[in-house]
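Me: Could you take me through one part of this protein slowly, the place where its aromatic rings gather and the helices around it? I am in my first year, so please explain each term as you go.

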Amino acid sequence: MAYSWDNRVDFVVRYMYDIDNNGVLDENDFQCMAVRACVVEGKGDCSANRLAEYKKLMQNLWVEISEIADDDKDGKISNKEFKDAVRKTCVGKKYSEFPQAMKAFIESNFKILDINSDGIVGIEEYRYNCITRMAVDDVAPIDKAFESLLNDGDKKVGGLNLDRYKELYAEFLGNTAENHPAVYLFGPL
């Protein structure tokens with residue numbers, strides 16, 4: 001149940017998009033994501049130029065998601081509306097078929113995860129990302145989730161590169177099964 005498609009999409013809404021925790025997605029959430037992404041990627045630094053780039057990226061993502069998901073055009077996207085949109089645009093699709101703004105968000109998210117900017121998200125970076133969104137009392141389940149993500153190629157390079165991250169993200173949203181490695185992309189749910 002924890003790794004069902006519904007729960008995975010709920011997790012994305014609650015812990016990744018609904019930044020102000022008001023229960024719906026709105027334009028403010030995406031502007032907050034821009035600031036957060038700039039600060040995290042910059043390890044505390046948030047240059048005006050980089051912030052402007054993130055604001056543009058997140059504004060584009062908001063517009064695209066709104067066009068797909070805001071069925072009643074009220075400027076807010078409910079969890080149900082978001083799920084319906086993900087079902088239409090992501091389920092059964094490869095990463096290359098995802099909406100462009102969603103792909104840009106995923107790629108920028110990888111940059112945030114890759115704290116040391118070496119092109120690989122290793123176990124330390126994965127742990128850090130997990131604990132920023134959930135309360136944990138033991139690191140072992142996080143480590144087990146990370147190991148469950150890795151294929152032989154990932155193990156050789158010591159973690160996830162961007163291409164593998166994109167593949168796993170597409171599976172996380174697009175595969176409705178509960179028994180594939182991508183269910184662990186954001187840690188133990």
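Reply: Happy to help; we will begin with the rings, go on to the helices beside them, and end with a few residues elsewhere in the chain.

The model is a predicted one, in which local features need pLDDT of at least 70 and side-chain atom pairs count only at pLDDT 80 or more, while totals for chains, interfaces and linings use all residues. Residues are numbered from 1 along each chain as its sequence is written, and side-chain values use heavy atoms, with hydrogens and water left out.

Let's start with the rings. Searching the whole structure turns up 13 aromatic pairs. Rings of Phe, Tyr and Trp (for Trp, its six-membered ring) pair if their centres lie within 6.5 Å; planes under 30 degrees apart count as stacked, over 60 as edge-to-face and the rest as tilted. Y95 and F98 make a tilted pair, with 6.0 Å from centre to centre and 35° between the planes. Y95 has a relative accessibility of 12%, so it counts as buried. F98 is buried as well, with a relative accessible area of 4%. Here "buried" means under 20% relative accessible area, "exposed" means over 50%, and "partly exposed" is in between (1.4 Å probe, protein chains only).

Now for the pair to look at closely, F172 and F186. Their ring centres are 4.9 Å apart and their planes stand at 90°, so this pair is edge-to-face. F172 lies in helix α9 (residues 162-174) and F186 in the segment after α9, so the pair ties together parts that are 14 residues apart in sequence. Helix names follow a simple scheme: helices (H or I, at least four residues) and strands (E, at least two) are DSSP runs, numbered from the N terminus. Both F172 and F186 are buried.

These two rings have company. One aromatic cluster is formed by F11, Y15, F110, Y165, Y169, F172 and F186. F172 also has a charge above it: the charged end of R8 sits over its ring, 5.7 Å from the centre. That wording applies if NZ of Lys or CZ of Arg is within 6 Å of the ring centre and within 35 degrees of the ring normal.

Next, the two helices. Helix α1 (residues 5-17) packs with α9 at an angle of about 115°, and their axes are 8 Å apart. Given that angle, α1 is roughly perpendicular to α9. Axes are lines fitted to C-alpha atoms, for helices over the stretch in contact, and angles run from 0 to 180 degrees between N-to-C directions. Angles under 35 degrees count as roughly parallel, over 145 as roughly antiparallel, 65 to 115 as roughly perpendicular and the rest as oblique.

Which residues of α1 and α9 make the contact? From α1 they are W5, R8, V9, V12 and M16, and from α9 they are Y169, E171, F172 and L173. Contact means heavy atoms within 4.5 Å. Sorted by class, the contact of α1 with α9 has seven nonpolar, no polar and two charged residues. In this sorting, Ala, Val, Leu, Ile, Met, Phe, Trp, Tyr, Cys and Pro are nonpolar, Asp, Glu, Lys and Arg are charged, and the others, Gly among them, are polar.

Two more residues belong with these helices. S4 lies in the segment before α1, and at 12% relative accessibility S4 counts as buried. R164 lies in helix α9 and is buried too, at 10% relative accessibility. Leaving aside neighbours within four places in sequence, R164 is in contact with L149, L150, N151 and D154.

Finally, a look further along the chain. A145 is in helix α7 (residues 140-149), and its 2% relative accessibility counts as buried. Not counting residues up to four places away in sequence, A145 touches Y126, Y184, G187 and P188.

For a contrast, turn to two loops. K43 lies in the loop between α2 (27-41) and α3 (48-69), and K43 has a positive phi of about 50° although it is not a glycine. At 53% relative accessibility, K43 counts as exposed. S117 is in the loop between α5 (100-113) and α6 (123-131), with a positive phi near 55° in a residue other than glycine. S117 is exposed, at 58% relative accessibility.
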